[in-house]
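I opened a fresh page for this structure and set down what I looked up, in the order in which I went through it.

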Amino acid sequence: MRRIGIVFGLMLLAAGCSTTRLLEEGQSRLAENRVVVTNGPKYNTAGLTPYIKQKSNYYLIGHWHPGLYVYNWQNGKDGGWDHFCQKIGQAPVVFDSTLVDDSVQSMLGHLEYEGYYNSAIVPQTFYKKKLARVEYDVTLGKQFPINNIDYQVRDTALAALLEADSTNFTLQRGDFLSQEALEAESERVTHLFRNNGYWGFSKNYFFFYADTSTVRNQADLIVKIEDYTRNENPDAARPHRKYRIGTVSLLPQPGMRVRPKFLHNLNQLQPGELYSEERINQTYARFSSIPLFSSVNMLLQQSPLDSSQVDCRILLQQARLQAVKLNLEGSFNSTGLFGVAPSLAYSHKNLFGGGEVFTLGFRGNFQFMVPNPTRSTELTFSTGLSIPWYPEFVWKMPRINLPQMDVKFSYSYQNRPEYTRNILTGTYGFSWNVDKRFYYQVFPLQLSAVSATRIDEDFYKSITDPYLKNAFRSHLDMGGGGMFYYTTNPAVNPKTTYFYTRLQCDISGNVMSLLNGTGIYKQGEHGEYTIAGVPYAQYVRGELQAVETLRLGEDDQFALALRGLAGLGYAYGNSFSLPFEKLFYAGGANSMRGWRARSVGPGMAPRDTNFTIANQSGDMHLEANAEFRFPMFWKLQGAVFVDAGNVWNIGMDDVEGESRDPRSLFTFKNLLRSTALSTGLGARVDFGLVLIRFDLGLKLYDPSLQEWMGMNDWIQGNYAFHFGIGYPF
């Protein structure tokens, strides 16, 4: 392996030492564009770079990019090898001097749009060894603060609406005059009018006049709203009219099996009501939120029967009703332990003709050693039904997209060398979103029954942690929960900077505890209340995650993803430990990637060797991750990451003379010493719809050993290899 790497490195150095080898005589590669503002140190030049007509090659480190070298591996024979290099490499950008002046004019136009009048840009081109670097020296023009604003509205009804909305004006005295500010205010007022019956009103009815000569270095602004547009002359003037909704036609695609009542409940438009663009958009959002529809088109036209009405036709195209989704994650480490976690999900988007979404899923988690016979198997089968829900209060909250009632069931089978467990779960709840930014799930009822059908007697006796020993018992779980999710960009894989956060909470056992002492329950050997000899669990558990992905570089080709995660569970009342399935763990493809799944912590405690396959867990989880992502060549992306975190226990009380290992407990004093660190490199192959991820995680600091790791430790096996679909966060 090492020899192959050396040979590959020598090939890269020898064959790719020049990035201009294939250029013709007289050509230069555009190596860099640089924008320098000479009189405005606080001006952000990033706003001007999109207006440069010719972009330079992008780089990973300094002015180095492997794709440029790969492209230059061509032998000039125009054969398969050359085509391969062209496909996966990055072609050099041949400098075109004629585009420099075009870039100057484009940037000057943008500066004037921002309110910098009579700016100047002097371009300079520097050549060196077939490389061209262009510097644009920008002198910002003069800005004019607004001295006075005079609104002149010919239509009295529009004038009254504008006066009533005066507290929301975005143009204020003292603001700098700019086309950007005028454009924003005209769009805002246009929406105001269109939400109050003025269908067809546009910002083209606005006329702006600025006088910069009356008051020295300031601008007097006149804002006129005429009854003709900027593209017309005054002879085309006609009065602005208010419109009402006429007929509303719901037109599903021919052959679509859908109940008329379902469509009627989605529609918010009522004949005779005042036209409102906001109501139109809300109706569109409601229909678009239903997975059944792949396309929603709303066609508005003046009614042929009444010129004061607008007829609306809603055209609905059916999406593919059934879908199958496959996912796969995997890991491998130096001990020879393989882990594979496949999942398969089937969905039907219109089970009964009312937009009901039916799901059926399978997920497995298999861990094994070769040729060791040790095996661990976890199988989960799940099914669910989401039904559109039409409560009366929803119509009074128009920003809410149609809520759904969710019913879910799952069965899990866990077979490890130490135990076998069966888990049956059922949930009932509701989900909805607001503006596709705020997502909510509320489950007033969550039920589960956990049966430990087999526990290895020697293993159970060897457990010294009384809390962990109790967590393995069979138990009943009845409670509720909820989830809140917020995102700044609802796209599946956003291409711009975005942020999201998720909060999930569960609480269990409180309702059942109301019947304590009534004689319905029997008490177990530890005083806990039981049903048919099985205790019910009582606890509260919460987990908060926040992720921000920052897009960097001229074309947002780089990304820095940051994640913070915190979780805490606490047992009380009828339980003195969390159920095992509610404990937290770290490590694996989406967590501390220097470790395999469930092999970190708790705290500074050593690994529990009673588990043949690592199964470390705790009551508390803290983790922080940073990952820098960058394009390489073809569809290949690279990544460098750092992970920090661990799981800890929080309870210390003795149980029947036994207590927890104090090294596993969370304390602020030992927080740094007990926090695990890992780093590593990753590769991602992005095929658009599917992203395949490979990560090599290396341990940096192992709190169980209280040791820092280096190259020798990694060679000796302190690493883990992970495979997955999609980004880790």
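The entries below go from the whole chain to a cavity, a pair of helices and a single residue.

**Entry 1: the whole chain.** I noted at the outset that this is a predicted model. I then looked up the secondary structure and found 13 helices and 29 strands in the protein chain. For its extent, I recorded that the C-alpha trace spans about 95 × 75 × 55 Å along its principal axes. Of the 729 residues in the chain, 44% are buried. I also looked at contacts between residues at least 6 apart in sequence, and among these 65% join residues at least 24 apart.

**Entry 2: the cavity.** How many cavities of 30 Å³ or more does the structure hold? I found 1 cavity of that volume or above, and the space in the largest cavity comes to about 40 Å³. I listed its lining as Leu30, Asn33, Ile52, Gln54, Phe95, Leu99, Val100, Ser103, Val134 and Tyr136. When I sorted these residues by class, I had 7 nonpolar and 3 polar residues, with no charged residues in the lining. Which elements each supply at least two residues of this lining? They are strand S1 (29–37), helix H4 and strand S3 (131–139), and the largest share, 3 residues, comes from H4.

**Entry 3: H4 and its partner.** Having met H4 in the cavity lining, I followed this helix, residues 98–114, to its packing with helix H6, residues 179–194. The two helices pack at an angle of about 60°, and their axes are 5 Å apart. That angle makes H4 oblique to H6. On the H4 side the contact is made by Glu112, Tyr113 and Glu114, and on the H6 side by Gln179, Glu180 and Glu183. By class, I wrote down 4 charged residues, 1 polar residue and 1 nonpolar residue for this contact.

**Entry 4: Leu560.** I closed with one residue, Leu560, whose place is in strand S23, residues 558–571. Is Leu560 buried, partly exposed or exposed? Its relative accessibility is 25%, so I entered Leu560 as partly exposed, since buried would require a value under 20%. Leaving aside neighbours within four places in sequence, I found Leu560 in contact with Glu548, Thr549, Leu550, Leu552, Glu627 and Phe628. I also looked up Leu560 against Arg375, which lies 185 residues away along the chain, and noted a separation of 38 Å between their C-alpha atoms.

Key. Residues are numbered from 1 along each chain as its sequence is written. This is a predicted model: local features need pLDDT of at least 70, side-chain atom pairs count only at pLDDT 80 or more; totals for chains, interfaces and linings use all residues. Side-chain values use heavy atoms; hydrogens and water are left out. Axes are lines fitted to C-alpha atoms, for helices over the stretch in contact, and angles run from 0 to 180 degrees between N-to-C directions. Helices (H or I, at least four residues) and strands (E, at least two) are DSSP runs, numbered from the N terminus. Angles under 35 degrees count as roughly parallel, over 145 as roughly antiparallel, 65 to 115 as roughly perpendicular and the rest as oblique. Contact means heavy atoms within 4.5 Å. Ala, Val, Leu, Ile, Met, Phe, Trp, Tyr, Cys and Pro count as nonpolar, Asp, Glu, Lys and Arg as charged, and the others, Gly among them, as polar. On a 1 Å grid over the protein atoms alone, a cavity is a set of points where a 1.4 Å probe fits but cannot get out, and a pocket is an open set with protein on both sides within 12 Å along at least five of seven lines; lining residues have an atom within 4 Å of a point. Grid points are joined across faces, edges and corners, and a volume is the space filled by probe spheres set on the points. Buried means under 20% relative accessible area, exposed over 50%, partly exposed in between (1.4 Å probe, protein chains only).
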